[in-house]
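Me: Hi! Could you walk me through this structure before I head back to the bench?

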Amino acid sequence: MGDLGTYIPIVLSLALSRHLDLGTTLIFTGIYNGITGLIYGVPMPVQPMKSIAAAALSDPSFAIPEIMAAGILTSGFVFFLGVTRLMKLVYWIVPLPVVRGIQLAQGLNFAMAAVKYIRYEQDLGKAKSMGRRPWLGLDGLVLAIAAICFILLVNGAGDDQSRQGGTEKIRKFLGLLPSAVIVFVVGVAFAVVRHPAAVRELRFGPSRMRVVRISREAWKQGFVKGAVPQIPLSVLNSVVAVCKLTRDLFPEKKAATATSLSVTMGAMNLVGCWFGAMPCCHGAGGLAGQYKFGGRSGGCVAALGALKLVLGLALGASLLRVLVQFPTGLLGVLLLFAGIELAIAARDMSTKAEAFVMLLCAAVSLVGSSAALGFLCAMIAHGLLMLRAWIMGVKLR
């Protein structure tokens, strides 16, 4: 459950504001989780496409048909790059400092959003921050701070070497504590306490699936407003960055290639989006979050997928009545640690030139709110630095 800090807020926001079918999304993302866990053998995440979600939350005219059109078009392009093996060329061309810049920007973006979730009340339906969060209460600052302290005590900074000291009993005890699961279960319990009537409003049975009808105008708007900004993010963060991060975290695993990630991401949306499931992708932030909270194999995401599938089949969209009361501060805590873990991946830049390119990419991506713009500027800067080093006859440092 290490990446639920991004999954729940986005899916809840779209379910509340754009009538996204929560039950259908749970069923399909549960299947996606199970398949990717089996294929890759690492905690490969399944997360909503964030640029498409942002377009839907900021534009009332960007409804379900436009969302699904954007997801199908984005996935079709990525799938094409995968089956033609052109994604391998992209993976080979993009230098590591640029990828680290994308990861740093995405991680800091998650972390800053998480701090807002913790400090301020949130209207998830409108994706807006409201007044300051009270200290006490079932969604107060004290609860969020307690969750942060609990996770730090259990997981530390996420370095496995930190668990080599101390007594064997303490190491085993901390290793068995699933901190993200505990935080999530506490959040569900508090959600029920906050609104007990929501339990009585639950209805058994899955949502009725329907094929989404997409008009010509919806295809056009989905392409212009959704697919165009999403494609660079999917290529860079969901394929290239995930592939490199998998190599860093799990060097013994060979299944997560640029080609395979492109194919699985494209294939799952080319099916699910036609039935109204939220367009999804893999994500470096989700992988970092799973790793941060102890995920080391595909079994953890497969278990999460089984849980999503059971909830989607058993309760369908009525589950929204309970989850809408989930303490937003606890979501912020999960998102905060996932974001920090992703940003920490940028610590391996060994030269000043690499650090410069990485920081330039991150700064432009954050300020310009565009991973594509940050990528372009960083690639140009990296090329100019290489040209300068070649002219001067020195190594790039």
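What follows is a chat about a predicted model.

Me: Let's start with pockets. What volume does the largest pocket have?
Reply: Happy to help! Keep in mind that this is a predicted model. The largest pocket has a volume of about 1200 Å³.

Me: How many residues line the largest pocket, and which lie nearest its centre?
Reply: The lining is made up of 39 residues. Nearest the centre of the pocket you'll find K50, A54, Q106, N109 and A113.

Me: Which element gives the largest share of that lining?
Reply: That's α6, with 9 residues. It runs from 96 to 119. Other elements that supply at least two lining residues each include α1 (4-17), α3 (50-58), the strands β2 (120-123) and β3 (128-132), and α11 (216-249). Toward higher numbers, α17 (352-368) and α18 (371-392) also supply at least two each.

Me: And the lining by class, how many nonpolar, polar and charged?
Reply: The lining has 21 nonpolar residues, 12 polar ones and 6 charged ones.

Me: You mentioned α17. Where is L366, and is L366 buried or exposed, or in between?
Reply: L366 sits in helix α17. L366 is partly exposed, since its relative accessible area is 26%. There is also a link back to the pocket: L366 and N109 are 257 residues apart along the chain, with their C-alpha atoms separated by 7.1 Å. N109 is one of the residues nearest the pocket centre.

Me: Nice. Switching to charges, how many salt bridges does the structure hold?
Reply: There are 6 salt bridges in the structure. Side chains of opposite charge can pair when their charged atoms come close.

Me: Which residue does R100 meet at 2.4 Å?
Reply: R100 meets D248 there, with 2.4 Å from N to O. This pair links distant parts of the chain, as R100 is in helix α6 and D248 is in helix α11, 148 residues apart.

Me: And how about R100 and D248, buried or exposed?
Reply: R100 counts as buried because its relative accessibility is 1%, a value under the 20% cut-off. D248 is partly exposed, with a relative accessible area of 42%.

Me: Which residue has its closest O atom 2.8 Å from an N atom of R100?
Reply: That's D348, and the two residues form a salt bridge. R100 lies in helix α6 while D348 lies in the loop between α16 (328-344) and α17, so this pair ties together parts that are 248 residues apart in sequence. D348 counts as partly exposed, at 35% relative accessibility.

Me: What about R194, which residue does R194 bridge to?
Reply: R194 forms a salt bridge with D139, and their closest N and O atoms are 3.9 Å apart. R194 is in helix α9 (residues 179-194) and D139 is in the loop between β3 and α7 (141-155), which puts them 55 residues apart. R194 counts as partly exposed at 35% relative accessibility, whereas D139 is buried at 10%.

Me: Which residues are linked with D139 and R194 in a network?
Reply: E121 and R133 join D139 and R194 in a network of salt bridges.

Me: Okay, new topic. Which residues form the nonpolar patch on the surface?
Reply: The patch is formed by L373, L376, I380, L384, L387, W390, I391, M392 and V394. Together they have about 960 Å² of accessible area. Take L387 as an example: L387 is placed in helix α18, and L387 is partly exposed with a relative accessible area of 44%.

Me: Let's look at backbone angles. Which residue has a positive phi of about 60° although it is not a glycine?
Reply: That would be H19. H19 lies in the loop between α1 and α2 (22-40), and H19 is exposed, with a relative accessible area of 66%. R85 also has a positive phi without being glycine, near 65°. R85 lies in the loop between α4 (64-83) and α5 (86-93), and R85 is exposed too, at 53%.

Me: One last thing, where is R296?
Reply: R296 is in the loop between α13 (284-292) and α14 (298-314). R296 is partly exposed, with a relative accessible area of 32%. From C-alpha to C-alpha, R296 and F79 are 27 Å apart in space, and they are 217 residues apart in sequence.

Definitions and conventions
Residues numbered from 1 in each chain as written. Predicted model: local features only at pLDDT ≥ 70, side-chain atom pairs only at ≥ 80, totals over all residues. Heavy atoms only, no water. 1 Å grid on protein atoms, 1.4 Å probe; cavity = no way out; pocket = protein on both sides within 12 Å on 5 of 7 lines; lining within 4 Å. Points joined across faces, edges and corners; volume = space filled by probe spheres on them. Helix = DSSP H or I, 4+ residues; strand = E, 2+ residues; numbered from the N terminus. Nonpolar A, V, L, I, M, F, W, Y, C, P; charged D, E, K, R; others polar. Patch = residues over 30% accessible without salt bridge, like charges linked within 9 Å, V, L, I, M, F, W, Y side chains within 5 Å. Areas by Shrake-Rupley, 256 points an atom, 1.4 Å probe, with all protein chains shown as cover. Salt bridge = Lys/Arg side-chain N within 4 Å of Asp/Glu carboxyl O. Buried < 20%, exposed > 50% of the residue type's maximum accessible area, 1.4 Å probe, protein only.
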